[in-house]
Amino acid sequence: MPVEPLSPQEIEERLAGLPGWSLDGDRLTRRYRLASHAAATAMVVHIAQVQDELDHHSDLTLGYNTVSVSVHTHSAGGAVTAKDVELARRVEDLAPGHGAH
């Protein structure tokens with residue numbers, strides 16, 4: 001079943017429930033700070049597990065004590081879809097367990 005792009009209004013409404021996330025061009029993005037490189041690495045691994053579970057993958061950038069997430073849906077022409085919002089929500093849910101802010 002094809003995934004439909006969200007309208008700008010739908011994206012704005014959904015971002016209201018995702019603190020720290022924003023629309024950057026055609027992607028939902030968020031940068032997290034963590035206590036250490038090891039904590040950031042553990043968070044990346046956890047995000048990768050969620051992505052495999054959802055069969056929806058974002059771009060992840062691992063820094064010394066940061067993790068950046070950037071996501072859009074390739075099968076929807078690179079637009080933001082409900083799949084992206086769900087992945088962002090799942091990342092938000094797991095972030096506190098890694099001490100991310």
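In the predicted model, aspartate 55 is placed in the loop between H2 and E3. The phi angle of aspartate 55 is near 55°, a positive value in a residue other than glycine. Most residues other than glycine have a negative phi. Aspartate 55 is also exposed, with a relative accessible area of 58%, which lies over the 50% limit for that class.

The strands form an open sheet of four members in the order E1-E2-E4-E3, with antiparallel pairing. Strands E1 and E3 (59–62) are the edge strands, each pairing on one side only. On average, neighbouring strands of this sheet are turned by 30° against each other, direction ignored.

At one side of the sheet, strand E1 (residues 22–24) pairs with E2 in the antiparallel sense over three bridges. Within this pairing, aspartate 24 has arginine 27 of E2 as its bridge partner. The hairpin of E1 and E2 has two residues between the strands, and glycine 25 takes a positive phi near 70° there.

Strand E2 is joined to strand E4 (residues 66–71) by six bridges, and the two strands run antiparallel. Arginine 30 is bridged to valine 69 of E4, while arginine 31 stands opposite serine 68 in E4. On the other side of E4, four bridges join this strand to E3, again in antiparallel orientation. Threonine 61 also stands opposite serine 68 in E4. The connection from E3 to E4 is a hairpin through three residues.

Arginine 30 belongs to strand E2 (residues 27–33). With a relative accessible area of 15%, arginine 30 is buried, because the class takes in values under 20%. The side chain of arginine 30 makes a polar contact of 3.2 Å with the side chain of glutamate 92, and glutamate 92 is itself among the buried residues of H3. Beyond residues up to four places away in sequence, arginine 30 touches Pro19, Gly20, Trp21, Val67, Ser68, Val69, Glu92 and His101. Valine 69 thus appears both in this list of contacts and as the bridge partner of arginine 30 in E4.

Helix H3 lies across E2 and E4 and runs at about 10° to E2. At 1.5 Å a residue, the 13 residues of H3 should span 18 Å, and the end C-alpha atoms are 19 Å apart, which agrees. The buried residues of H3 are Asp84, Val85, Leu87, Ala88, Val91, Glu92 and Leu94. The elements covering these buried residues include helix H1 (8–15), E2, helix H2 (37–54) and E4.

Valine 85 is placed in helix H3 (residues 82–94) and counts as buried at 6% relative accessibility. Leaving aside residues up to four places away in sequence, valine 85 touches Leu6, Arg14, Leu18 and Leu28. Valine 85 and valine 71 are 14 residues apart in sequence, and their C-alpha atoms are 8.9 Å apart in space.

In soluble globular proteins, nonpolar side chains tend to be buried together. The largest nonpolar core of the model holds 25 residues, of which Trp21, Leu28, Tyr32, Leu34, Met43, Val67 and Val91 touch the most other members. Elements H1, E2, H2, E4 and H3 each give two or more residues to this core. Helix H2 gives the most, with six residues.

Tyrosine 32, one of the core residues with the most contacts to other members, touches Trp21, Met43, Asn65, Thr66, Val67, Val69, Val91, Glu92, Ala95, Ala100 and His101, not counting residues up to four places away in sequence. Among these contacts, Trp21, Met43, Val67 and Val91 are likewise named with the core members that touch the most others. Glutamate 92 is touched by tyrosine 32 and by arginine 30, with the contact to arginine 30 including the polar pair at 3.2 Å. His101 is also touched by tyrosine 32 and by arginine 30.

Methods. Residues numbered from 1 in each chain as written. Predicted model: local features only at pLDDT ≥ 70, side-chain atom pairs only at ≥ 80, totals over all residues. Heavy atoms only, no water. Buried < 20%, exposed > 50% of the residue type's maximum accessible area, 1.4 Å probe, protein only. Polar contact = N/O pair within 3.5 Å; in protein donor to acceptor, adjacent residues only side chain to side chain. Contact = heavy atoms within 4.5 Å. Pairing = 2+ DSSP bridges. Expected span 1.5 Å × (residues − 1). Axes fitted to C-alpha atoms, helices over the stretch in contact; angles between N-to-C directions. Core = buried A, V, L, I, M, F, W, Y, C linked by side-chain atoms within 4.5 Å.
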